[in-house]
Amino acid sequence: MKNIQIIYENTKKMTQKGKVASYIPALAEADSTAFSVSLMSMDDKIELGDCTKTFTLQSVVKVLSFMVAAHHHGIEEIMRYVDVEPTGDSFNSIVRLESNNNKPFNPMINAGAITIASLLPGQSMFDKVKSVTSFIEKILNKQVSVNNEVYMSEYHSADYNRAIAYILQANGFLKSDVEEALQVYLQLCSISVNSSDLAKIALYLATNGQNCEAACSKNVINIAKALMMTCGMYNFSGKFAAFVGLPAKSGVSGAIIAVVKDGEIEHLKGPIGIGLYGPAIDDVGNSVAGIDFLAKLSKQYDLFCL
Ligand code: DON
């Protein structure tokens, strides 16, 4: 058995240590024992588990919506609305909305992502969502859709996010009205993908956008990866940077993307994108098996990028 398969088999048992997200009813239906990993280089891939099983992007989409908004407006304009500083707080925390001149700290927490949703190109909720789905479709070379059941379930349990959006609006950090920003944000969280799709998205970042037609400047992609490294794994980001050492972003569905700029994993060489799905998550919101797999992988294949 290959080393990577041994890591996968050992890590799969870790799914027992987490719980599927239950604060959004539709996410609570996930199979807590599921675990899949896709690793993609420019010309080959390794897949472990069922990499065709679909789930929603959740907070992984925050990287993509940031890139679309920053590519459209330029980073200087974006930074008038959202900072690039880590918080160490949970993703939906409201405590810092009264500091930093009330500016949301970064686009990877809900406050920043709701502001980014309001800044997306387009005059309507539909156009703003489309700006991100079109970008994803170019990366994946296939159509993607919003899982309406998850979206409705999110929308009807969005009190916290709505409260955040009202504070942002009161402080002048929303470019659309509250309901539109919220609907765009929650629809983006509800986009369906599988682990292979996640690996392709991560490979796009690893190659600085060189592997397909989707347009985003290298500068914006670099900032997106810096945000992933400093704020991508919720309030576990510091430990993940210290002990795994890869730019990564997780979502409460159990999705994670991780970027290897230049590595060698079995027969894969060069830039490698990694997509993982393990819906059993820890208290912070990260896939338990996903974190364990990436920690072991980074150690075994010397992937620490700093
Ligand atoms: O805002 C929410 O509740 C979710 N739809 C986003 C979830 C997520 O993955 C956590 N965010 N950083």
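Two helix axes count as roughly perpendicular when the angle between them is 65 to 115 degrees, and this cut-off will be needed at one stop of the tour through this predicted model.

**The whole chain**

Begin with the whole chain selected and drawn as a cartoon, where the secondary structure comes to twelve helices and seven strands. The radius of gyration is 18 Å, close to the 19 Å that the globule rule gives for 306 residues, so the chain is as compact as a globular protein of that length. If you turn the model along its principal axes, the C-alpha atoms fill a box of roughly 55 × 35 × 35 Å. Buried residues make up 53% of the 306 residues, and, of the contacts with a separation of 6 or more, 71% are between residues 24 or more positions apart.

**The two domains**

Next, colour residues 3-58 together with 192-300 as domain 1, and residues 60-189 as domain 2, following the domain assignment of the chain. The centres of these two domains, taken over C-alpha atoms, are separated by 21 Å, and the contact takes 40 residues from domain 1 and 32 residues from domain 2.

Now select the elements on the side of domain 1 that touches domain 2: strand 4 (192-193), helix 9 (195-206), helix 10 (218-231), strand 5 (248-250) and strand 6 (255-265) each supply at least two residues there. Which of them gives the most to this side? Helix 10 does, with nine residues. Colouring this side of domain 1 by residue class divides its residues into 24 nonpolar, twelve polar and four charged.

**A pair of packed helices**

Move to helix 2 (residues 61-73) and helix 5 (residues 125-140), which pack with their axes 10 Å apart and at an angle of about 105°. Helix 2 and helix 5 are therefore roughly perpendicular to each other, because an angle of 65 to 115 degrees is counted that way. To see the contact itself, show the side chains of Val61, Leu64, Ser65 and Val68 on helix 2, and those of Ser131, Val132, Phe135 and Ile136 on helix 5. By class, this contact has six nonpolar residues, two polar residues and no charged residues.

**A loop residue**

Finish at Asn101, whose place is in the loop between helix 3 (75-81) and helix 4 (110-119). Is Asn101 buried or exposed? Asn101 has 8 other C-beta atoms within 10 Å, and therefore counts as exposed, the cut-off for exposed being 12 or fewer. Select Asn171 as well, and draw a distance between the two C-alpha atoms: Asn101 and Asn171 are 70 residues apart in sequence and 9.0 Å apart in space.

Technical notes
Residues numbered from 1 in each chain as written. Predicted model: local features only at pLDDT ≥ 70, side-chain atom pairs only at ≥ 80, totals over all residues. Helix = DSSP H or I, 4+ residues; strand = E, 2+ residues; numbered from the N terminus. Rg over C-alpha atoms; globule rule 2.2 N^0.38 Å. Buried ≥ 20, exposed ≤ 12 C-beta atoms within 10 Å, placed from the backbone. Contact = placed C-beta atoms within 7 Å. Domains from an automatic or database assignment. Nonpolar A, V, L, I, M, F, W, Y, C, P; charged D, E, K, R; others polar. Axes fitted to C-alpha atoms, helices over the stretch in contact; angles between N-to-C directions. Parallel < 35°, antiparallel > 145°, perpendicular 65-115°, else oblique.
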